[in-house]
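Please look through the sequence and the structure below, and keep both at hand while reading. The paragraphs that follow move from spaces in the protein to its surface and then to its backbone.

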Amino acid sequence: MRVTCLFFVMGVACLQQQAALLSLTQLGYLIALASLTFLVVRRFIDKTENPNFWCNLNRGLFALVVGFVWASCFAHFYLRTSLPSAYENQDLTIIGTIDSLPLQMAEGQRFNFAVEQLLDSRLSADDQAHFPEKLSLSWYLKRQATDDPENPGVRPGERWHFKVRLKRPHGAANPDGFDYEVWLLEQGIRATGTIRDDAGGGAVNQRFSEFVWSVGNIVERGRAILRDRIHAALPGYPYAGVVVALVIGDQREIPQSDWTVFNRVGIGHLISISGLHITMVAGLFSGLLAFLWRRSFYLNLSLPLYVPVQKIAALAGAMMAVLYVALAGFGVPAQRTMYMLLVVAVAIWSGRITSFSSVLCLALSLVTLLDPWAVLSPGFWLSFGAVAVIIFAAGGQLQPDTDGRWQKFVRDVRIAGRTQYAVTIGLVPLTMLLFGQISLVGPVANAVAIPLVSFFVTPLALLGSVLPMPLSVFVLKLAHGLIQLLVWFLDYLSASPMAVWSAALPSFSIFLMALVGMLWMLLPRGWPMRWLGGVCCLPLIFQTPLAIANKDLRVTALDVGQGMALLLETAHHRLLYDTGPSYSVDSDSGSRVILPYLKARGINTLDMLMISHNDSDHSGGALSILRQLPVSLTSSSLALDSPIVAQSARHRRCQAGQEWDGVHFEILQPVPVSYESIKWKPNARSCTLKVTTDHHSMLLPGDIEAIQEDELINSIPDKLKADVLLAPHHGSGTSSTPAFLHAVSPVLGIFQVGYLNRYHHPKAEVYSRYADFGINRLRTDESGAITLQFSASLQFSQFRQEHARYWYGQ
């Protein structure tokens with residue numbers, strides 16, 4: 001059974017690596033062929049020398065095909081609805097219900113919306129039949145704050161009439177980055193958009209019903225009530241978002257700065273309704289009911305004679321897990337633990353519980369059966385990996401409970417220490433493969449945080465969220481005070497420069513070698529040469545960034561939406577040109593895109609950060625990078641009193657160039673005198689950088705416009721020619737004049753633009769102008785991250801092509 005489950009998961013994982021889906025007809029042929037092969041091979045297995053092995057392999061291969069076909073059918077079902085491209089960025093009128101707990105933002109609210117009715121005559125019957133059933137909407141309330149009593153925003157379960165402007169699912173596509181598009185697909189969300197303000201004061205956006213009864217709406221409204229109670233008890237408290245996460249599993253209110261600390265010390269898994277908390281609450285309720293069930297004889301009920309205590313305890317624990325996971329809105333991570341507990345309960349009731357490994361494999365296959373995209377989540381592999389490591393280290397067996405109390409206490413402490421050691425060591429290869437870093441202070445942080453959060457903070461937070469006022473205020477403040485003490489301790493651990501070990505993401509072969517080494521180290525005492533396991537892990541933790549030859553240049557134009565951010569690498573130096581946009585008060589491309597990419601590459605320092613000018617789509621991520629990554633030098637055209645300049649360890653204006661590893665970097669503009677003038681806009685002062693190797697060159701002009709282009713043509717025309725041109729001002733109508741394109745004469749033009757951006761960059765006439773000059777055009781909204789390799793020849797790659805997946809553009 002275990003082999004069958006594992007091969008089924010492998011088949012599901014194989015489907016998630018495909019660039020396109022097989023048709024339903026092709027899937028039918030595939031499963032028919034697999035079934036026929038399975039039956040034919042089965043007839044000859046008994047004649048082989050090792051029938052058990054071949055029987056398991058035959059079942060496993062059939063399960064692999066079944067997993068592939070099942071995940072394919074699942075994908076076909078969820079992709080059956082999509083927003084017609086003709087209606088993107090068009091105003092549509094819809095009726096439906098608020099389908100999730102709204103996220104309160106400084107600018108408004110964001111929530112999921114279940115569509116019930118379309119009120120637009122432009123949509124044909126076929127369009128309406130395939131229109132997305134669930135949307136992710138943002139409502140930017142400009143005229144009134146969301147905490148205004150007259151305009152409180154939306155609440156789960158309400159029915160609303162909205163005018164919306166929608167887009168098909170689209171997210172940034174970068175190497176080793178978060179895949180927003182598959183996350184939307186997993187949530188069943190097939191379009192995103194914004195709610196349009198009522199034009200002329202009309203009543204277009206209005207509430208029709210206070211509450212629409214359904215199980216999902218009841219759950220979400222209950223979560224909203226609990227969140228409101230927490231905020232009422234902890235108004236303005238810095239860690240109220242952590243309390244909310246522990247009670248209802250909503251982590252969106254925790255600022256990025258706190259997540260940085262939690263991840264550095266390795267306790268991010270605790271700041272939510274985690275598997276540990278679900279198991280703890282289920283265990284407490286199970287133990288309480290078992291205690292009462294055993295003592296029912298005192299009431300002359302004799303309940304254990306009808307249902308054994310073990311079975312009723314398993315059932316109670318599983319039901320409590322379901323209720324607790326409902327508090328998390330049936331989030332995918334919480335579901336995994338719930339399924340595992342349900343499998344255990346079913347196994348106990350059916351009398352089929354044989355081993356923990358069998359239960360783990362069955363739960364693993366159940367999760368992928370109900371959610372095939374779970375295999376793309378790091379949490380999926382970490383949660384099941386942790387349990388698998390514990391089972392492996394313990395030998396899959398429990399010791400009999402025959403000791404006295406003191407001996408039992410000593411044994412439990414020893415087992416806890418051994419378990420912590422096994423999980424810490426055993427998950428190192430997987431953690432490095434997924435994140436490129438491990439927390440060296442994690443064991444210490446978890447030794448303090450796990451008991452404090454699990455046995456004190458979480459119970460207090462749950463209790464305080466349901467107690468009557470003012471008792472709930474006291475309990476919630478006590479929970480918040482414990483969190484503050486914990487964060488103070490974690491800040492101290494995180495501040496150490498040795499808190500985290502980082503390296504480039506390993507290749508799969510290095511990961512497998514390290515995994516074998518870790519398993520070797522976890523074998524029982526007396527196993528020969530266990531220290532060799534540590535030797536196998538050395539390539540994993542000492543991975544180095546990609547080597548670049550001397551005099552060569554590698555440029556990565558990251559997909560940051562509507563903004564610029566390019567990483568330029570020579571043999572021993574790295575320069576980041578611009579840092580992309582700021583997305584919201586607590587989110588920017590520096591923390592969301594650039595830093596994760598640098599860490600995945602094993603890049604822990606920058607030799608230079610160049611901010612071309614002060615527009616937020618170029619400088620929005622700079623502060624996040626300067627706070628979290630050592631930067632030797634910041635070069636910019638910013639005012640000297642800019643916060644970015646103040647945060648920089650060393651700053652100079654964009655004037656001087658330099659040569660690194662045989663590659664020449666030259667600033668073409670602004671000229672020094674322009675810094676003294678007040679008539680120029682930030683765009684006019686954009687740092688224009690030309691990078692030249694022995695064979696090729698690239699020009700990065702920031703947001704210069706026609707006037708600056710003309711000045712460059714008239715002053716230094718001989719320096720403008722380049723093989724690659726980063727389109728000035730994202731291809732706006734005020735840049736890329738014919739004279740400038742003629743002077744540069746590039747063979748390749750790159751447009752860093754956001755998908756369906758509000759500026760309509762690149763302008764159609766400008767984009768066509770590049771084609772008229774015979775320039776090959778690439779744009780990040782279509783290609784994702786673009787990587788250029790300048791050596792003897794000029795080569796480029798596009799992430800969405802090299803890493804094609806069937807959900808892209810769907």
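Which element gives the most to the lining of the second largest pocket? The model to be searched for it is a predicted one, and the pocket in question holds about 420 Å³ of space. Of the 22 residues that line this pocket, Val585, Asp588, Leu623, Ser624 and Arg627 are the closest to its centre. Two or more lining residues come from each of the elements α8 (256-264), β13 (582-584), β14 (587-588), α21 (616-619), α22 (622-628) and α23 (643-647), and among these it is α22 that gives the most, with 4 residues. Sorted by class, the lining of the second largest pocket consists of 5 nonpolar, 14 polar and 3 charged residues.

From this pocket we can turn to the enclosed spaces. Rolling a probe the size of a water molecule over the atoms shows where empty space is left. In this structure there are 2 cavities of 30 Å³ or more, and the largest of them contains about 50 Å³ of space. Its lining is made by Val242, Leu246, Phe262, Ile267, Ile271, Val453, Val457, Ile483, Leu486, Val487 and Leu490. The elements that supply two or more of the residues around the largest cavity are α7 (240-248), α16 (442-466) and α17 (471-494), with α17 giving the most, namely 4 residues. By class, this lining has 11 nonpolar residues, and it has no polar and no charged ones.

The second largest cavity, with about 40 Å³ of space, has a lining formed by Leu79, Pro169, Glu181, Leu185, Arg190, Trp807 and Gln810. By class, these residues divide into 4 nonpolar, 1 polar and 2 charged.

On the surface, a nonpolar patch of about 810 Å² is made by Trp520, Trp527, Met529, Trp531, Leu532, Val535, Leu538 and Phe542. Helix α19, which covers residues 532-541, gives the most to this patch, with 3 residues. Another member of the patch, Trp520, has its place in helix α18 (residues 508-521). Is Trp520 buried, partly exposed or exposed? With a relative accessible area of 33%, Trp520 counts as partly exposed, because that value falls between the limits of 20% and 50%.

The backbone also deserves attention, beginning with its cis peptide bonds. One such bond joins Met469 and Pro470, with an omega of about -5°, and Pro470 lies in the loop between α16 and α17, two of the elements already met at the lining of the largest cavity. A cis peptide bond also runs from His761 to Pro762, where omega is near -5°, and Pro762 is found in the loop between β23 (748-751) and α26 (764-772).

Finally, there are residues other than glycine with a positive phi, including Asn89, where phi is near 60°, and Asp578, where phi is about 70°. Asn89 belongs to the loop between α3 (51-78) and β1 (91-98), while Asp578 is in the loop between β12 (574-577) and β13. How, then, do these residues stand with respect to the surface, buried or partly exposed? Asn89 has a relative accessibility of 24% and is therefore partly exposed, whereas Asp578, at 0% relative accessibility, is buried, because buried means under 20%.

Methods:
Residues are numbered from 1 along each chain as its sequence is written. This is a predicted model: local features need pLDDT of at least 70, side-chain atom pairs count only at pLDDT 80 or more; totals for chains, interfaces and linings use all residues. Side-chain values use heavy atoms; hydrogens and water are left out. On a 1 Å grid over the protein atoms alone, a cavity is a set of points where a 1.4 Å probe fits but cannot get out, and a pocket is an open set with protein on both sides within 12 Å along at least five of seven lines; lining residues have an atom within 4 Å of a point. Grid points are joined across faces, edges and corners, and a volume is the space filled by probe spheres set on the points. Ala, Val, Leu, Ile, Met, Phe, Trp, Tyr, Cys and Pro count as nonpolar, Asp, Glu, Lys and Arg as charged, and the others, Gly among them, as polar. Patches are made of residues with over 30% relative accessible area and no salt bridge: like charges are joined within 9 Å, nonpolar side chains (Val, Leu, Ile, Met, Phe, Trp, Tyr) within 5 Å. Accessible areas come from the Shrake-Rupley method with a 1.4 Å probe; for residues, only the protein chains shown count as cover. A salt bridge is a side-chain nitrogen of Lys or Arg within 4 Å of a carboxyl oxygen of Asp or Glu. Buried means under 20% relative accessible area, exposed over 50%, partly exposed in between (1.4 Å probe, protein chains only).
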